[in-house]
Amino acid sequence: MPAKNPRCLYCERESQEVPLIKLQYQEEEYWICPQHLPILIHKPSQLADKLQGAERFAPGSHPDPEQDV
Ligand SMILES: [Zn+2]
């Protein structure tokens, strides 16, 4: 993914619209907005088509397993 125009890897909004948080993964840089950061933390498998291997990330532990992002 070329990082010329950083955009959220989930919603593809650019930093003109939303703040973006920079990620580094497998020597690549990715960006995600605060709205979608919880998906990376709690439901990483939803990002598997954007981040290779994301389905293998262990979701962050959460006291309430019923809670959805
Ligand atoms: Zn987003």
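This report describes the fold, the nonpolar core and a few individual residues of a predicted model.

**Overall layout**

The chain contains one helix and two strands, and along the sequence these elements follow the pattern β-β-α. Of its 69 residues, 16% count as buried. Among the contacts that join residues at least 6 apart in sequence, 29% link residues at least 24 apart.

**The strand pair**

Strand β1, which covers residues 21–25, pairs with β2 in the antiparallel sense, and the pairing runs over five bridges. One of the bridge partnerships is that of Leu23 with Tyr30, the latter lying in β2. The two strands form a hairpin with two residues between them, and Gln26 sits in the turn. As general background, side chains in a regular strand alternate between the two faces of the sheet.

**The nonpolar core**

The largest nonpolar core consists of nine residues, namely Cys8, Leu9, Tyr30, Trp31, Ile32, Cys33, Leu40, Leu47 and Leu51. Strand β2, spanning residues 28–32, supplies the largest share of this core, with three residues.

Two members of the core show which parts of the sequence come together there. Leu9, once its neighbours within four places in sequence are set aside, is in contact with Tyr30, Trp31 and Ile32, and also with Leu47, Lys50 and Leu51. Trp31 lies in strand β2, and it counts as buried because 23 C-beta neighbours fall inside 10 Å, where 20 or more are required. Not counting residues up to four places away in sequence, Trp31 touches Pro6, Arg7, Cys8 and Leu9 as well as Leu20, Ile21, Lys22 and Leu23. Trp31 and Ser15 are 16 residues apart in sequence, and their C-alpha atoms are 9.4 Å apart in space.

**The helix**

Helix α1 comprises residues 37–42, and Ile39 has its place within it. Ile39 is partly exposed, because 18 other C-beta atoms lie within 10 Å, and this class falls between the limits of 12 or fewer for exposed and 20 or more for buried. The C-alpha atoms of Ile39 and Pro59 are separated by 9.2 Å, although these residues are 20 apart along the chain.

**Two residues with positive phi**

Most residues other than glycine have a negative phi, and two residues of this model can be set against that background. Glu12, which is not a glycine, has a positive phi of about 65°, and it is found in the segment before β1. Gln26 is likewise not a glycine and has a positive phi of about 50°; its position is in the loop between β1 and β2. Glu12 counts as exposed because it has 12 C-beta neighbours inside 10 Å, and Gln26 is exposed as well, with 8 other C-beta atoms within 10 Å.

The table lists the neighbour counts of the residues discussed individually.

| Residue | Other C-beta atoms within 10 Å | Class |
|---|---|---|
| Trp31 | 23 C-beta atoms | buried |
| Ile39 | 18 C-beta atoms | partly exposed |
| Glu12 | 12 C-beta atoms | exposed |
| Gln26 | 8 C-beta atoms | exposed |

Notes: Residues numbered from 1 in each chain as written. Predicted model: local features only at pLDDT ≥ 70, side-chain atom pairs only at ≥ 80, totals over all residues. Core = buried A, V, L, I, M, F, W, Y, C linked by C-beta atoms within 7 Å. Helix = DSSP H or I, 4+ residues; strand = E, 2+ residues; numbered from the N terminus. Contact = placed C-beta atoms within 7 Å. Pairing = 2+ DSSP bridges.
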